[in-house]
Amino acid sequence: MVETHSRTDTILRTILDRVRESNSFLVTGGPILLLEVLFFLAPVAIMFYIATIGMEDLVLVQEFTLGNYFEVFTGSANRVAFINTTLIALATTATAIVVAYPFAYYIARFGGEYKNILVVLVMIPFWTNYIVRVYGWQIILGSQGVLNGLLVWLGIINEPIGWLINTKFSIWLGLTYLWLPFMILPLYTSLEKLDESLIEAAYDLGASRREVFKRIVLPLSIPGLVGGIIFVFIFSMGAYIVPAMIGGGELFVGTRIEYAFGIGSDWPLGAALGSVLMLIVGGVLWGLMGYTDVEEMF
């Protein structure tokens, strides 16, 4: 009888403790959850809802349909847009890794007292609106732009190079330029935390520079590398300004969504394109987050 009473008291205390924890969570986390619902979950739910109805004469028709999603996967323009977007996003991410790693490694290992200055130099492009920076690439890459003019003046070419702008090349170049700092900064954070004694011990044991990089530097920089990949790939997949301004009409998911909500007057299709893109990006994010920690990205 005493044991039964004791167990009952223990269960009651556990329930009361959990109720207190729940109340405490609601007080501290409740406002955040409310904001999350209002500014993220609700808009996403509205997007998925619009994607499952129709539209006639600029009026949404309250009839359930999956035709918009079929159009996303069967429409030739939409398929090409997703292929272009994915390939260019992958190319941009790969290029950013190749360019950013040496920069981040040099700043972290050899920056010395100038580390902070070098990091600030990496962040300087953030001080200018990125639309202005994309306009700058129009001036540089245009047929009458700075680069073509310089090449003609030097006698390297006789006429302007046409593929420098309004092509997949210009989209790739613009995206790489825009998102490169988002690869450098997470990498720098990981590389800057490297324990110098590990590298010295490896050299003392006869390891070559290649082996030190392969077995120590690269594995320990994986969190920053994955963080940079997440940023660059996701930002590139959702890009609109760059393909719209220097893409020359190349099919891109961002421009297709803008067309559907604008001139195309097909909001359900635009919502379907956006929701499919969000699911793809969410899947990539879910798969990569296991290799990094958000707190280690910066």
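Analyst: A residue counts as buried under 20% relative accessible area, as exposed over 50%, and as partly exposed in between; the model to which these terms are applied here is a predicted one.

User: Why does Leu66 count as partly exposed?

Analyst: The relative accessibility of Leu66 is 42%, and the class called partly exposed runs between the 20% and 50% limits, so Leu66 belongs in that class. Leu66 is placed in the loop between β2 (59-61) and α2 (67-74), and its C-alpha atom is separated by 9.3 Å from that of Gly54, 12 residues apart along the chain.

User: What makes the contact between Glu196 and Arg109 a salt bridge?

Analyst: The term asks for a side-chain nitrogen of Lys or Arg within 4 Å of a carboxyl oxygen of Asp or Glu; the N to O distance for Glu196 and Arg109 is 2.5 Å, so the pair qualifies. Because Glu196 lies in helix α8 and Arg109 in helix α3, the pair ties together parts that are 87 residues apart in sequence. Glu196 is partly exposed at 37% relative accessible area, and Arg109 is partly exposed at 22%.

User: How do you know that Lys168 and Glu250 meet in a salt bridge, and which parts does the pair tie together?

Analyst: Their N to O distance is 3.1 Å, and the limit is 4 Å, so the criterion is met. Lys168 lies in helix α7, whereas Glu250 lies in the loop between α11 (241-246) and α12 (253-261), so the pair ties together parts 82 residues apart in sequence. A search of the whole structure finds three salt bridges, one of them joining Lys115 and Glu192 at 3.7 Å, N to O.

User: Where does Tyr114 lie, and why does Tyr114 count as partly exposed?

Analyst: Tyr114 is in the loop between α3 and α4 (115-123), and its relative accessibility is 48%; exposed would require over 50%, so Tyr114 remains partly exposed. Tyr114 also belongs to a nonpolar surface patch with about 790 Å² of accessible area together, whose members include Ile117, Met123 and Trp127.

User: How do the residues lining the largest pocket divide into nonpolar, polar and charged?

Analyst: The lining has seven nonpolar residues, no polar ones and two charged ones. Arg counts as charged, and Arg109 and Arg209 are among the lining residues; Tyr, Phe, Ile and Val count as nonpolar, and Tyr105, Phe110, Ile199 and Val212 are among the lining residues as well. The pocket holds about 150 Å³ of space, and α9 gives the most to its lining, with four residues.

Terms used
Residues numbered from 1 in each chain as written. Predicted model: local features only at pLDDT ≥ 70, side-chain atom pairs only at ≥ 80, totals over all residues. Heavy atoms only, no water. 1 Å grid on protein atoms, 1.4 Å probe; cavity = no way out; pocket = protein on both sides within 12 Å on 5 of 7 lines; lining within 4 Å. Points joined across faces, edges and corners; volume = space filled by probe spheres on them. Helix = DSSP H or I, 4+ residues; strand = E, 2+ residues; numbered from the N terminus. Buried < 20%, exposed > 50% of the residue type's maximum accessible area, 1.4 Å probe, protein only. Patch = residues over 30% accessible without salt bridge, like charges linked within 9 Å, V, L, I, M, F, W, Y side chains within 5 Å. Areas by Shrake-Rupley, 256 points an atom, 1.4 Å probe, with all protein chains shown as cover.
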